[in-house]
Protein chains: 2
Amino acid sequence: MAVTMHDVANLAGVSIKTVSNVINNYQYLKPETKRRVQDAIDALGYRPNLSARGLRSGRTGVISLIIPDLRNAYFAELADEVMRAADAKGLSVIIEQSSGDRERELNLLTGPRTSMVDGILYSVLGLEEDDAHLLDRIETPMVLLGERIFHGPTDHVTMRNSESTKAATSYLLGQGRTRVVAFGAHRGEVIGSAGLRLAGYREALAEAGVPYDEALISEVGGWYRLEGAQAMQKLLASGVTFDGVVAFSDVIALGAMRVMQEAGIRIPEDVAVIGFDDIDETRYTLPTLSTIDPGRAEIARVAVDYLQERIAQGARAIPPREYFADFHIVERESSAVLA
Amino acid sequence: MAVTMHDVANLAGVSIKTVSNVINNYQYLKPETKRRVQDAIDALGYRPNLSARGLRSGRTGVISLIIPDLRNAYFAELADEVMRAADAKGLSVIIEQSSGDRERELNLLTGPRTSMVDGILYSVLGLEEDDAHLLDRIETPMVLLGERIFHGPTDHVTMRNSESTKAATSYLLGQGRTRVVAFGAHRGEVIGSAGLRLAGYREALAEAGVPYDEALISEVGGWYRLEGAQAMQKLLASGVTFDGVVAFSDVIALGAMRVMQEAGIRIPEDVAVIGFDDIDETRYTLPTLSTIDPGRAEIARVAVDYLQERIAQGARAIPPREYFADFHIVERESSAVLA
DNA sequence: AACGAAGATTACAACGTTGAAGAGCATCTC
DNA sequence: GAGATGCTCTTCAACGTTGTAATCTTCGTT
């Protein structure tokens, strides 16, 4: 049915292996031969069968990106960056959604689909540090993203959670804000992005000599807008006063802003808000949302690089590496300095 | 290295083909045999090699979804729905971004990656109706999404652009709004979502006996928030008056709302706004954005169904079908009826 | 007890590609 | 001018699976 190397070889009058050599840019090839083969390829519209190549060579040229959920803008933009980085290296990306569910995250790692994939970019929400050993037995090259697992058996590419949140908090305190809410804590979490960011928040307070007030720690159930809105409702209902919000994600910050505005709170006059993630949307909200750019593009690029090295050299050939991307505070209206 | 059917067959004391039969649920199998093979599979942690299967059977279990851009919430949510629908059928999804660029859209169709894929869900922005014939020669089963190509050589699953925009326009007119802007037109476009939606807008005007005013047609360059904001700035600068906006996407509506609010226009008091797409975000903006739910989940489900049928029966075995999903107007604050 | 049909399993080849190894030929070295 | 070297191309086998068709088993029927 479809055109194979055989057909190309026949038309070009060479062996099938020479066709293969042309396609793979083998170094010893007469330009003349190369041209003839290429002409035959073009004439027949030949395209290599990637299943056959995958079977023979053990490489498919596909990596999978496991993320919680594409509806979350952070992950959609991460996926976008990963696909661009992969594309630049000739890799295709299969995206798998885990919903941040621990069971599902684990199943995706051992499901039949992994045999189709050269490597995995693994961004988990459900797994915990204690689960790191579960990754030991995975033979597929893997690079970890996100903040749930540090010191795993393989590379980890992530952001400076504590440092950046500390910087954001210091930034609001430096404006003269005195009661700054940590918005998006997860009860009892130490590691994980919420835990790390909370730690950064506390460091900033300590450094500024501002006492830590439990009442200003607002728990948010998840990373959705609705959850941000609900948490802010609860916070307002509690009667606590505050003049700044360091939100642990842009999305929950937007949910919270919505509720504050409805309650007649002016941003930034009454309350300054800074988010986290620098999703596209923050440029166009009212007011525009100050945020932390966690270096997503850099994360994607480095993660794909690392993964490719691991694919080339063997999953365990390289000792685990850690990479922390640079962050930047992006100042917008929601934390504008008052005149 | 990896466990193969051979190893499983040895351990279970059966032929390799029996293992294959167990995996593929062949009907004539002694329960006892089935169990023994399954035990061996579990004991060895065997996972089928999908490249080999793909090579032998011609099916890879992977479909590709070609979309303009995951940063656009509409496409991210569409991708999410497609992946859920595919997952329910045991299919994996490779996402390819085209940036809505015509060249790239065409290249993705013939690139080497397509040989890895059983079928293509093809959502184009750059191609035009005139390009439909370019699809004739594509042998890969394909289902078209979006509004650029109708009457192509294969199935087309889409939304009711005209009807829904007409309904949205009528809805605003029914509230007593008299100068309703069509926001998001593309110059000279007849087909394509912008063209179709504009047609629906005009139908609604005609039906209500409201004269068509060229000044109320606002062109928006693309589908990004920034472009919506810029177009609204231009519209306001033109000095034209209006009391309603039918935006052809939620994202540009949000960009426009931002600019209107900055200009002191109250929504919905001064101007009622309704968007298009029902992206998640519209539930949490201030004010929440009325919109049209175009039936995205239904589109994804039907598209995957159609594609699977085509994969099973052959790309050309089924005459082209057209499917239009149901739409709903979602009333939120931005078009609330004034007290 | 012999036969046929249906149930259960297997042998074999093939899918399209690439790695390993080697053959043919021209050029260089002394 | 014999041997070594380097370039160019080819032969062959193998990757792990499944479709085809054949074989072996079992069981019911006569």
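A:Val181 counts as buried, because 27 C-beta neighbours lie inside 10 Å. The cut-off for a buried residue is 20 or more. The model is a predicted one. A:Val181 sits in strand 6 of chain A. Beyond its neighbours within four places in sequence, A:Val181 is in contact with several residues, among them A:Leu216, A:Ser218 and A:Leu235. A:Phe242, A:Gly244, A:Val245 and A:Val246 also belong to this list of contacts. A:Tyr46, by contrast, is remote from A:Val181: 135 residues separate the two in sequence, and their C-alpha atoms are 61 Å apart in space.

Strand 6 of chain A belongs to an open sheet of 4 strands. The strand order is 7-6-8-9, and the pairing is parallel. Strand 7 (217-219) and strand 9 (272-274) of chain A stand at the edges. Each has a single partner strand, so one side of each has no neighbour in the sheet. On average, neighbouring strands are turned by 20° against each other, direction ignored. Helix 8 (residues 192-208) of chain A packs on this sheet. The helix touches strand 6 and strand 8 (244-247) of chain A, and its direction makes about 165° with that of strand 6. In general, the strands of a sheet pair through backbone hydrogen bonds. Strand 6 (residues 180-185) and strand 7 of chain A run parallel and are joined by 3 bridges. Within this pair, A:Ala182 stands opposite A:Ile217 of strand 7.

Chain A is divided into three parts: domain 1 (5-48), domain 2 (62-159 + 296-326) and domain 3 (161-293). The C-alpha centres of domain 1 and domain 2 of chain A lie 36 Å apart.

The two protein chains touch. In this interface, 37 residues of chain B are in contact with 37 residues of chain A. On the chain B side, the elements that give two or more residues are helix 4, helix 5 (73-87), strand 2 (92-97), helix 9 (225-237) and helix 10 (250-262). The residues of this side divide into 18 nonpolar, 10 polar and 9 charged.

DNA strand C is surrounded by 26 residues. The closest are A:Met5, A:Ser20, B:Ser15, B:Thr18 and B:Thr33. Helix 2 (16-23) and helix 4 (50-57) of chain A each give two or more residues to the surface near the strand, and so do helix 2 (16-23) and helix 4 (50-57) of chain B. Helix 4 of chain A gives the most, with 5 residues. By class, this surface has 11 nonpolar, 9 polar and 6 charged residues.

Some backbone angles stand out. Most residues other than glycine have a negative phi, and most peptide bonds are trans. A:Asn25 has a positive phi, near 55°. This residue is found in the loop between helix 2 and helix 3 (31-44) of chain A. A:Asn25 is exposed, because 8 other C-beta atoms lie within 10 Å. B:Asp277 also has a positive phi, near 135°. Its place is in the loop between strand 9 and strand 10 (291-293) of chain B. B:Asp277 is buried, with 28 other C-beta atoms within 10 Å.

Cis peptide bonds occur in both chains. One joins A:Leu286 and A:Pro287, with omega about -10°. A:Pro287 lies in the loop between strand 9 and strand 10 (291-293) of chain A. Another joins B:Ile267 and B:Pro268, with omega about 10°. B:Pro268 lies in the loop between helix 10 and strand 9 (272-274) of chain B.

Key
Residues numbered from 1 in each chain as written. Chains lettered and ligands numbered in written order. Predicted model: local features only at pLDDT ≥ 70, side-chain atom pairs only at ≥ 80, totals over all residues. Near = placed C-beta within 6 Å. Nonpolar A, V, L, I, M, F, W, Y, C, P; charged D, E, K, R; others polar. Domains from an automatic or database assignment. Pairing = 2+ DSSP bridges. Axes fitted to C-alpha atoms, helices over the stretch in contact; angles between N-to-C directions. Contact = placed C-beta atoms within 7 Å. Buried ≥ 20, exposed ≤ 12 C-beta atoms within 10 Å, placed from the backbone.
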